[in-house]
Amino acid sequence: MSELVEHGDEQDRAMGVVERGEAERQHWPHRIATTICRDRAGRILVLRRSETHSRFPGYYHVMVGGAVNVGESYE
């Protein structure tokens, strides 16, 4: 089953519910929440995306997170 997300406008107002894959294919804004992990020395955790990930497979990234579920707050 496909994950549903809220399609938003430039002011982050929800415009409707769509499948996440469709939002990504159409480059529609949709809500995500991410974090950047740092240690006390200021070093940043870097992760490598899965080779099977739909977007940017195998690339390195500094943000860990995902889509905000329909009706869920960013927090």
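1. The protein chain of this predicted model contains one helix and six strands, and when these elements are read along the sequence they follow the pattern β-β-α-β-β-β-β. The radius of gyration is 14 Å, well over the 11 Å that the globule rule gives for 75 residues, so the chain is more spread out than a compact globule. Along its principal axes, the C-alpha trace spans about 40 × 30 × 20 Å.

2. On burial and surface, 19% of the 75 residues of the protein chain count as buried. The accessible surface of the chain comes to about 5,900 Å², and 52% of that area belongs to carbon and sulfur atoms. If one takes the contacts between residues at least 6 apart in sequence, 36% of them join residues at least 24 apart.

3. The chain carries 10 positive and 12 negative charges, and the mean positions of these two groups are 9 Å apart. Side chains of opposite charge can pair when their charged atoms come close. In this model the count comes to eight salt bridges, and some of them are taken up in the points that follow.

4. One of the salt bridges brings together the side chains of Asp12 and Arg31, at 3.1 Å from N to O. Asp12 lies in the loop between β1 (4-8) and β2 (14-19), whereas Arg31 lies in the loop between α1 (20-26) and β3 (32-36), so the pair ties together parts that are 19 residues apart in sequence. Asp12 counts as partly exposed at 32% relative accessibility, while Arg31, with a relative accessible area of 15%, is buried.

5. Within helix α1, Arg25 and Glu22 are three residues apart and are thus separated by about one helical turn, and their side chains meet in a salt bridge (3.1 Å, N to O). Arg25 counts as exposed at 56% relative accessibility, whereas Glu22 is partly exposed, with a relative accessible area of 25%. Elsewhere, Glu3, Arg20 and Glu24 are joined into one network by salt bridges that share partners.

6. Gly58 is placed in the loop between β4 (47-48) and β5 (60-61), and with a relative accessible area of 15% it is buried. Which residues does Gly58 touch, not counting residues up to four places away in sequence? They are Arg48, Arg49, Ser50 and Glu51. The C-alpha atoms of Gly58 and Arg48 are separated by 6.0 Å, although these residues are 10 apart along the chain. Arg48 counts as partly exposed at 46% relative accessibility, and its side chain meets that of Glu51 in a salt bridge (2.5 Å, N to O).

Methods:
Residues numbered from 1 in each chain as written. Predicted model: local features only at pLDDT ≥ 70, side-chain atom pairs only at ≥ 80, totals over all residues. Heavy atoms only, no water. Helix = DSSP H or I, 4+ residues; strand = E, 2+ residues; numbered from the N terminus. Rg over C-alpha atoms; globule rule 2.2 N^0.38 Å. Buried < 20%, exposed > 50% of the residue type's maximum accessible area, 1.4 Å probe, protein only. Contact = heavy atoms within 4.5 Å. Areas by Shrake-Rupley, 256 points an atom, 1.4 Å probe, with all protein chains shown as cover. Lys, Arg positive; Asp, Glu negative; His and termini not counted. Charge placed at Lys NZ, Arg CZ, Asp CG, Glu CD. Salt bridge = Lys/Arg side-chain N within 4 Å of Asp/Glu carboxyl O.
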